[in-house]
There are 2 protein chains.
Amino acid sequence: MGKAMPHGGGGAAPPRAPEGDGLETVAELAQLRARIAAWRRAGLRIGFVATMGALHEGHLSLVRKAHALADRVVVSIFLNPLQFAPSEDFASYPRDEAGDCAKLRAVGAHLVYLPSAEQMYPEGFATRVAVGGLSEGLCGRTRPQFFSGVATVVLKLFNQVRPDVSVFGEKDFQQLKVIERMVRDLDLDIEIVGAPIVRERDGLAMSSRNAYLSASERAIAPELYRTIRELAQEIAHGAAIDEAIGAGRKRLSALGFVVDYLEVRDSESLRPLTQLGSGEARVFVAATLGRTRLIDNVAIVRESQ
Amino acid sequence: MGKAMPHGGGGAAPPRAPEGDGLETVAELAQLRARIAAWRRAGLRIGFVATMGALHEGHLSLVRKAHALADRVVVSIFLNPLQFAPSEDFASYPRDEAGDCAKLRAVGAHLVYLPSAEQMYPEGFATRVAVGGLSEGLCGRTRPQFFSGVATVVLKLFNQVRPDVSVFGEKDFQQLKVIERMVRDLDLDIEIVGAPIVRERDGLAMSSRNAYLSASERAIAPELYRTIRELAQEIAHGAAIDEAIGAGRKRLSALGFVVDYLEVRDSESLRPLTQLGSGEARVFVAATLGRTRLIDNVAIVRESQ
C-alpha cells in the first residue's frame, strides 16, 4: 500500500503540519478497509468527512474539526450521481482532484478515498435509503430524489469507512438533520457533528457552486445572506414571520434571485413555523441566480437567548 | 450482566450441548453491544440469525448452521411490525418466548436478543431501506411494504449485532435474495448464507404460520409442495413452463388453495422465466388455505445438471 502523492506539494506552506506520513490516497475499498482496520487495531479513533470534491474553506473547516475529534481523518471525494436529477449539474460540477488533495494534505487529513462510480454503484445496484419527514420540504420539494441519494451514498461511505465520528457542514442544514436521523434510526454507532457555515468576507456562504457565478452575479450573491440575516433579526425582535418572509421574497426577487424557498423552520424537526416556539428556529433559503442555485440558512437568535 | 435463564431447562436432552455459559438473554441495545464487543475483543467470530420467534426446526437449522460457521451465535426474536400490513396477522402471530429460548438453548445459541418495539422504532423513526427489482413481484406484489419492512429491520439488526456471518432460510427465498443484494449494495461486511428448507415428514415446509391450519387444512397443505415438486420435475424434463404452471394452478385451486402466485423464476435475478436459461431456475408458490398464507419454492434440477 504505497503512498501515492498526487501533488508535488509546491505552493503555500501548509497551515498545519500533516501528522505521520502525510496524505495517502486510496481508490479501492479493500485497500481502504485494510488501512482503517490497521488504525483500529492500533486503538485510533477514526474521523470522516464526505465530500464531492471542489474543496473550499468550508470543507477544510470540517476536516479540521474531524482532526480535533479523532486520531485519523479520512476524507472521501465522490461526485455522487445518485443525488443529481438528470436536469441538474452533475456533468458540469467542478472537479479538481489534484488541487483537492493538496488542500487536504495542507490541513493534515490522513487518507483520501476516491472510489469510482463503478465501485460505488456496480451493475445491479438496487438499494435506496429514504428518510421520511425531514427529507420533505425545503430542498426535498424541488429535488425529490436528492436526500435519498445523499442518505444512500453516506450510508455506503459510513459502512466502508466505519468512522467513530463524522462532520457535516451546517450550510447543508437539512442534509445534516437527515444524516443524524438516519444514523439514529439505523443504529449506526457513529457520532455526527455539525460545523458552522464558513463565509466569504462579504458574507456569501462558501460553496463549490459559487464558481458558476459571473462577476456581476458574484457581486449580488452576498445579498442572499444579508437578506436572511436581517430577516432573522426582525423576527427575533418580534416581526410576524409571514410578513417578514413576504418582504424578504420581494427583496430577493428585486435583486434578480429566483426564490425556490424562503422559510422559517424549527432547527430540530424542520417543521415550518408561523411563529417562534420554544426551540431554535432558522431561516432557510434557496434561490437561483442566473444558472446557479444557492442555499443558505441562519439561526434566529432572540434577545432572551 | 447477569445470566437470565427464562426456562428451567426441563424437557428433552439438548441435541447439542451449549458451549460456555449457555444462553444469555438481552433486551437492551447497550447490553447487546457490550457483550458482542467483548467477544470481538476475544477474537471470536459472530454468527447471527434473525427471527420473529415461534421457532421451529427450520429456525433451529439456521442456528445450527450459524454455530458451524461462527464461534458465538446471536439470535434475535423480534416480531417486526414494519413488515406487516394492517390487514395482516401481526396481532395473532404466534408468540412463545419461553419456549423459543428453551429451543435455542438446546441447540447451543449463545445470546438471544429480544428488543422492544419502542427500542427498535422510537418516536420520530423515519428511515426506510428499499431494494428495487428483487422486491417486486412474487411476495412483493401482494405485500408491497413487506420487503422494505424486512430490509429495514434486518439492516438495523445487522448494525446492532455487527455479525461476521448471518444465516437466512431458503423458504423465504426472495427475502434471502433481497438481503444479499442489500448487503452488497450497502457495503456491509457480512457474509450471508442460505440454508435449505426444512420440511415436515409429509413435505410441508416448516413455518410458524402452519400453526394456523385446521386439521383438515393441515391434511391438504403438503399438496402445495407436492405440486411444485412435480411441476419442477415436469419442467426439468422439458414441459413448457406456461402449460405446467397452468395445470399446477388448476390442481391447487381444485384442492382448495387460493393461489397468490405460481411462477418459475431465475434463482439469482428472480426474473420470471418463460423457458429455462443457463442459470438455476425455481418454482415459487404462495397460496392461501383457509386463513393461512403458505409459501414454498423448489429448484428445477435438469438431467444434465
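How do the axes of helix α6 and helix α7 of chain B cross, and within what distance do they come? Keep that question in mind as you work through these exercises on a predicted model.

**Exercise 1. Describe the packing of α6(B) against α7(B).**

*Solution.* Two packed helices are described by the angle between their axes and the distance between the axes.

Step 1: take helix α6 (residues 146-161) and helix α7 (residues 173-185) of chain B; their axes come within 10 Å and cross at roughly 50°.

Step 2: name the arrangement. That angle makes α6(B) oblique to α7(B), because it falls neither under 35 degrees nor in the range of 65 to 115. The crossing of the two helices is right-handed.

Step 3: find the residues that meet. From α6(B) come F147(B), V150(B), A151(B), V154(B) and L155(B), and they face Q175(B), V178(B), I179(B) and M182(B) of α7(B). Sorted by class, this contact holds eight nonpolar residues, one polar and no charged ones.

**Exercise 2. Work out what chain B offers to chain A, and how the β5 strands pair.**

*Solution.* Step 1: begin with the totals. On the chain B side, 21 residues are in contact with 21 residues of chain A.

Step 2: assign them to elements. In chain B, β5 (127-131), α6 and α7 each give two or more residues to the side that touches chain A. The most comes from β5(B), with five residues.

Step 3: sort by class. This side of chain B has 11 nonpolar, five polar and five charged residues.

Step 4: look at the strands. Strand β5 (residues 127-131) of chain A runs antiparallel to β5(B), and five bridges join the two. To check the register in your viewer, start from V131(A), whose bridge partner in β5(B) is T127(B).

**Exercise 3. Locate the two domains of chain A and characterise the side of domain 1 that touches domain 2.**

*Solution.* Step 1: set the bounds. The domain assignment gives domain 1 (24-195) and domain 2 (208-300) in chain A. Their C-alpha centres lie 26 Å apart.

Step 2: count the contacts. Here 12 residues of domain 1 of chain A are in contact with 12 residues of domain 2 of chain A.

Step 3: find the elements on the domain 1 side. Both α5 (139-142) and α7 (173-185) of chain A supply at least two residues each, and α7(A) gives the most, with three residues.

Step 4: finish with the classes. On this side of domain 1 of chain A there are six nonpolar, four polar and two charged residues.

**Exercise 4. Lay out the three-stranded sheet of chain A and place the helices against it.**

*Solution.* Step 1: write down the order. The sheet is open, with antiparallel pairing and the order β8-β9-β10 in chain A.

Step 2: identify the edges. These are β8 (258-266) and β10 (292-300) of chain A; each has a single partner strand, so one side of each is left without a neighbour in the sheet. From one strand to the next, the twist averages 10°.

Step 3: check one pair. Strand β9 (residues 281-289) of chain A and β10(A) pair over nine bridges in the antiparallel sense, and R282(A) stands opposite A299(A) in β10(A).

Step 4: add the helices. Helix α9 (residues 222-236) of chain A packs on the sheet, touches β8, β9 and β10 of chain A, and makes about 25° with the direction of β10(A). Helix α10 (residues 241-255) of chain A lies across β8 and β9 of chain A and runs at about 155° to β8(A).

How values were computed
Residues are numbered from 1 along each chain as its sequence is written. Chains are lettered from A and ligands numbered from 1 in the order in which they are written. This is a predicted model: local features need pLDDT of at least 70, side-chain atom pairs count only at pLDDT 80 or more; totals for chains, interfaces and linings use all residues. Domain bounds come from an automatic or database domain assignment. Two residues are in contact if their C-beta atoms, placed from the backbone, lie within 7 Å. Helices (H or I, at least four residues) and strands (E, at least two) are DSSP runs, numbered from the N terminus. Ala, Val, Leu, Ile, Met, Phe, Trp, Tyr, Cys and Pro count as nonpolar, Asp, Glu, Lys and Arg as charged, and the others, Gly among them, as polar. Axes are lines fitted to C-alpha atoms, for helices over the stretch in contact, and angles run from 0 to 180 degrees between N-to-C directions. Angles under 35 degrees count as roughly parallel, over 145 as roughly antiparallel, 65 to 115 as roughly perpendicular and the rest as oblique. A crossing is left-handed if the near helix is turned anticlockwise from the far one by less than a right angle, and right-handed if clockwise. Two strands pair if DSSP finds at least two bridges between them.
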